[in-house]
Amino acid sequence: MVLLTRQEEQILLVIHHLGNTAYLVNIRSLLKEITGKYLDVGTIYVPLKRLHQKGCLDTRYGEPTAMRGGKAIKYYSLTAKGYEALAETRRIQEKLWDGVRFPALKF
Amino acid sequence: MIKQYHKMPRMANVLFDFFLPEMDCRYLMGDYEEIYSEIVSENGKWVANFWIMKQILKMFPLYLIDSIYWRCIMFKNYLNITFRNIFKHKGYSFINVVGLALGMACCLFIMLWVMDEMSYNRFHENIETLYRVEQDQFYSGETYHVTVTPIPMGPGIKEEIPEITDATRYTSPGTLLLRYGEKAFFESGTRAVDPSFLKMMTFPLILGDPNTALDQPHSFIISEDIADKYFADEDPLGKAITVNNQYQFTVTGVMKNVPNNSNLGFEILVPFEFLRDLGRTMDRWGNNSILTLVQLHESASIPEVNQKITDIRHRHVAEFVQQNFPEDLQQFNERRRTEFMVMPLKDIHLYGYFGYTRQMNIQYVYIVSVIALFVLLIACINFMNLATARSANRAKEVGLRKVVGAMKRHLVGQFYGESILLAFIALVFALGLCMLLIGSFNMLSGKEFSRTAFFNWKFVLGMISVALITGLVSGSYPALFLSAFQPVKVLKGALTAGSKSALFRKILVVTQFSLSILLIISTAFVYRQLIFMQSKKLGYDKEQTIYIPLRGNTRESYAPLKEALKRDPRVVNVAGTGHPPTNIGSNSGGADWDGKDPEMTVLISQNRVDFDYIETMKMEMAGGRSFSKDFSTDTSTAFIINEELQRIMGEESAVNKRLEFMGVDGTIVGVVKNFHFQSVRYEIEPLAFRVRPESVNYMVIRLPAGSMEESIDFVKSTWERIIPNYPFDHYFVDEAYDRMYRGEARLSNLLRAFAILAVVIACLGLFGLASFTAEQRTKEIGVRKVLGASAPGIVFLLSKEFTKWVVVANIIAWPVAYLVLRKWLQDFAYRTELVWWVFVGSGVLALVVALLTVSFQAIRSAFTNPADALRYE
């Protein structure tokens with residue numbers, strides 16, 4: 001069973017949201033939209049690579065475009081194992097959150 | 001959103017190329033460019049550039065960790081493979097390591113020696129500003145270099161030349177007899193110096209005040225060793241020592257022992273003025289007898305100082321000539337001036353020279369270093385040869401590594417790594433070897449190294465660089481050769497030991513043997529030259545002769561001693577001389593005779609002797625007569641000259657001719673046949689004898705053959721009877737003679753050691769190659785044997801190849817050796833001939849050794865059962 005880190009979880013979810021056009025640049029901008037922070041390229045690339053190695057992600061290559069200085073795009077998509085991992089993570093999260101009551105906070 | 005493409009700065013592209021993981025480099029770069037373009041269009045170029053730089057910087061730590069991680073993994077693998085290879089082929093590894101270790105041990109020793117030679121005098125704190133005053137004298141156009149100077153020069157030039165901040169004189173007052181209570185010893189390590197000596201030089205005092213220690217006329221500074229010798233546990237300061245049974249000296253200081261790497265070596269310092277007590281003339285600018293050391297101002301111009309010293313000395317001598325020989329003044333002024341110069345003290349050990357030749361120690365440093373490098377090179381060649389010869393064994397590995405993605409540079413790195421590792425293993429052995437052999441090396445080199453000398457940081461650095469260089473040199477060819485294999489060919493098995501590499505191996509082996517033969521030939525000739533010099537007919541008989549230095553006031557007892565000895569049959573003959581028979585080191589210009597070319601200036605050696613000297617030394621007369629008491633004028637005006645001076649005078653027979661020399665206007669009464677009064681290295685120079693029985697410094701005694709011991713005992717007892725307060729001290733003339741050739745003897749021994757090593761290492765390599773070839777041809781030999789080849793036939797087959805190489809090596813080595821040795825022998829006035837048979841003999845020796853090595857392997861394979869050979873796969 002693959003356990004995901006917070007970052008991996010976020011990235012996998014973003015890829016899911018982006019459907020089959022997810023690649024590094026739009027993953028980064030969607031994460032910015034949601035969390036409000038730009039991440040470094042490396043901070044996204046390393047988990048992507050790791051997830052790919054773990055078998056949670058599939059990759060395919062797109063056409064080179066002028067916008068990228070003539071370089072091809074590497075697209076990522078979730079595999080069944082990826083979904084499994086997400087589901088498991090969610091299960092654990094919910095279990096952990098179950099019954100959590102914050103103490104009354106005084107402001 | 002209008003997207004527009006913006007190009008990243010070139011610099012960023014290059015850096016990305018370098019840092020990004022190879023697999024995803026292209027896509028990631030695309031991603032970066034896309035984001036970059038976006039930022040440019042939103043925030044402008046500057047922000048974007050800043051962003052990209054930040055990204056690159058953040059990449060760096062990860063990149064580093066990543067690459068180190070992989071390097072470690074690969075390194076572990078390389079190390080594994082290396083050790084497996086070492087242990088799998090124990091024989092080859094042994095040859096490599098032993099060869100390299102021997103070569104390196106050689107280099108380490110020589111490095112130790114060279115570093116020691118370089119360190120001479122460097123321990124002085126003021127070394128950069130210290131100089132020795134030297135001079136060039138000119139005799140009929142030839143330059144004669146002298147390192148001694150007139151006695152008054154030191155104080156004189158210090159006073160007149162502002163650039164000279166300090167000056168000191170330095171000379172030996174001769175061997176002194178020291179007596180403290182019961183203890184009495186001759187001390188030859190005494191030097192007389194000015195008080196400024198201790199300020200200029202760095203010879204720290206342990207006891208006493210360096211500023212005042214030499215101020216009192218009879219004060220004394222002694223070394224720790226001397227202090228131990230005389231005073232043991234007492235406090236030496238203030239103790240009184242009697243010198244020559246006559247003078248009372250007080251110890252005012254104890255200094256640390258002078259280090260071995262000092263050209264100024266002494267154990268006792270006395271004030272210079274003490275020489276006055278010993279009866280030396282102190283104010284002659286015309287005689288050169290002592291060292292003058294000066295300290296110059298940092299900004300002083302050396303040529304100017306040289307000129308000033310030259311002028312001052314000339315002025316003083318001119319004054320002297322004018323006062324005493326006014327008629328000679330014009331001639332003196334017309335003659336070419338003696339030129340003075342200052343030589344940096346840090347250079348005098350390596351670059352100092354004397355006399356007509358320019359023989360410097362640095363030449364020996366070069367010769368020996370080059371030879372040590374040769375030996376190491378021979379060992380490196382072994383490594384290269386064996387590595388390339390066995391390349392077929394490694395070829396599969398190379399092919400496979402390339403297939404799974406190794407780049408050429410990885411393989412080059414791997415093979416370099418292997419050779420460097422092996423070099424370091426060899427270094428450990430070499431160091432062990434050096435530790436074991438340090439005693440022998442000290443004997444060979446005449447130095448006193450201790451084992452700790454290997455562990456100062458400079459030397460450790462040196463060792464590491466030797467190992468690194470050895471590794472790189474010996475690994476260079478295998479690394480480039482092996483890494484160039486094409487994987488397809490290799491894995492298909494198309495690779496056989498290529499003819500190209502075989503040719504290269506031949507060249508290497510020929511190089512090895514050329515060097516070895518060169519060393520053998522050199523050893524032979526250096527040895528022959530040594531024997532030649534030691535057995536040269538000298539013109540006198542050096543056997544059965546002893547000489548006794550007449551020290552202190554013992555000269556006064558010379559006459560009665562001579563009488564007492566002469567009367568006895570246990571002594572053949574007795575005479576006195578001013579200089580030891582093997583070395584007449586005193587000479588002077590300014591001789592005159594009838595019919596002399598006024599332009600000509602000759603440097604003539606001089607010796608004051610007693611009657612019977614010619615007879616005692618068994619010299620032969622070429623004409624005229626020997627000194628004789630029958631002629632009353634002999635002690636005042638008679639000269640005996642040698643044939644060389646007669647030749648220079650241009651006379652058929654110089655007997656009864658006038659000669660003005662040594663301050664005497666006299667007559668030549670006899671001509672002695674040329675004899676060697678210096679090292680045979682130098683030509684026989686003109687010489688003149690005078691009879692001055694009262695001013696001899698040595699007594700020479702010829703003893704009868706057969707009963708030397710008894711005779712010496714008799715001389716000793718006679719001495720002790722007549723001169724009870726001076727110990728008896730004697731030397732053999734033939735031993736003194738041999739001692740002159742210590743330098744050559746040392747070189748000869750050193751060369752022999754090197755030559756043996758070179759041959760051993762080369763043969764190790766040859767042995768390795770031979771066994772490799774035999775292994776490769778196992779099948780061929782098997783087939784040949786089955787078809788009826790005889791064992792000798794097989795041995796011949798395997799040996800002839802190697803024989804060819806050694807013969808070629810001979811042909812290369814001979815002319816080189818001839819040229820090198822001719823150059824070396826040029827420094828000798830009398831030299832052994834470069835006879836052809838030594839060349840051939842050395843070649844044959846190398847050939848025989850090589851053949852023995854190879855045939856050992858060849859015979860083994862010739863006698864193997866062909867069935868085994870043919871079954872081996």
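The loop between helix H19 (613-616) and strand E19 (621-624) of chain B holds B:Lys618, and I begin there. In this predicted model, the phi angle of B:Lys618 is near 55 degrees, which is a positive value in a residue other than glycine. Is B:Lys618 buried or exposed? B:Lys618 counts as partly exposed, because 17 other C-beta atoms lie within 10 Å, and a residue is called buried at 20 or more.

A second loop residue deserves mention alongside it. B:Gln544 also has a positive phi, near 50 degrees, in a residue other than glycine. B:Gln544 sits in the loop between H17 and strand E14 (545-549) of chain B. With 19 C-beta neighbours inside 10 Å, B:Gln544 is likewise partly exposed.

I turn now to a strand. How many residues of strand E8 (residues 219-223) of chain B are buried? The count is 5 of its 5 residues, and E8(B) is accordingly described as mostly covered. The burial applies to both faces of E8(B): B:Ser219, B:Ile221 and B:Ser223 lie on one side, with B:Phe220 and B:Ile222 on the other.

E8(B) has two pairings to report. With strand E10 (residues 247-255) of chain B, E8(B) runs parallel and is joined by 5 bridges. In that pairing, B:Ser223 stands opposite B:Met255 of E10(B). With strand E11 (residues 268-271) of chain B, the sense is antiparallel, and the pairing extends over 2 bridges. Here B:Ile222 is placed opposite B:Ile268 of E11(B).

Next, a single residue in another strand. B:Val243 belongs to strand E9 (residues 240-243) of chain B. Why does B:Val243 count as buried? The assignment follows because B:Val243 has 23 C-beta neighbours inside 10 Å. Leaving aside residues up to four places away in sequence, B:Val243 touches B:Leu176, B:Leu177, B:Leu178 and B:Phe249. There is also a spatial relation to B:Ala184: the two residues are 59 residues apart along the chain, and their C-alpha atoms are separated by 9.6 Å.

I move on to the nonpolar cores. In soluble globular proteins, nonpolar side chains tend to be buried together. The largest nonpolar core of this model has 91 residues. Which residues have the most contacts inside it? They are B:Met104, B:Cys106, B:Leu108, B:Val375, B:Ile378, B:Phe754 and B:Ala758. Several helices of chain B give two or more residues to this core, among them H4 (90-118), H12 (361-389), H15 (457-483) and H24 (742-776).

B:Ala758 illustrates the contacts. Not counting residues up to four places away in sequence, B:Ala758 touches B:Phe374, B:Val375, B:Ile378, B:Leu515, B:Ser516 and B:Leu519. Apart from this core lies another, of 53 residues, which includes B:Tyr170, B:Phe197, B:Tyr230 and B:Phe249.

Two helix packings follow. H4(B) and H15(B) pack at an angle of about 145 degrees, and their axes are 11 Å apart. Their crossing is right-handed. On the H4(B) side, the contact is made by B:Leu100, B:Met104, B:Cys107, B:Leu108, B:Met111, B:Leu112 and B:Met115. On the H15(B) side, the participants are B:Lys458, B:Phe459, B:Gly462, B:Met463, B:Val466 and B:Thr470. By class, the residues of this contact divide into 10 nonpolar, 2 polar and 1 charged.

The second packing involves helix H18 (residues 558-566) and helix H22 (residues 708-722), both of chain B, whose axes come within 10 Å and cross at roughly 145 degrees. H18(B) passes H22(B) in a right-handed crossing. From H18(B), B:Pro560, B:Leu561, B:Ala564 and B:Leu565 meet B:Val715, B:Thr718, B:Trp719 and B:Ile722 of H22(B). That contact comprises 7 nonpolar residues, 1 polar residue and no charged residue.

I close with the contact between the two chains. How many residues does each chain bring? Chain A contributes 14 residues and chain B contributes 17. On the side of chain A that touches chain B, helix H2 (24-35) and helix H3 (41-54) of chain A are the elements that give two or more residues. H3(A) gives the most to that side, with 3 residues. The residues of that side of chain A divide into 8 nonpolar, 2 polar and 4 charged.

Technical notes:
Residues are numbered from 1 along each chain as its sequence is written. Chains are lettered from A and ligands numbered from 1 in the order in which they are written. This is a predicted model: local features need pLDDT of at least 70, side-chain atom pairs count only at pLDDT 80 or more; totals for chains, interfaces and linings use all residues. Two residues are in contact if their C-beta atoms, placed from the backbone, lie within 7 Å. Helices (H or I, at least four residues) and strands (E, at least two) are DSSP runs, numbered from the N terminus. Ala, Val, Leu, Ile, Met, Phe, Trp, Tyr, Cys and Pro count as nonpolar, Asp, Glu, Lys and Arg as charged, and the others, Gly among them, as polar. Axes are lines fitted to C-alpha atoms, for helices over the stretch in contact, and angles run from 0 to 180 degrees between N-to-C directions. A crossing is left-handed if the near helix is turned anticlockwise from the far one by less than a right angle, and right-handed if clockwise. A nonpolar core is a set of buried Ala, Val, Leu, Ile, Met, Phe, Trp, Tyr and Cys residues joined through C-beta atoms within 7 Å. A residue is buried if 20 or more other C-beta atoms lie within 10 Å of its own, exposed if 12 or fewer, and partly exposed in between; C-beta atoms are placed from the backbone. Two strands pair if DSSP finds at least two bridges between them.
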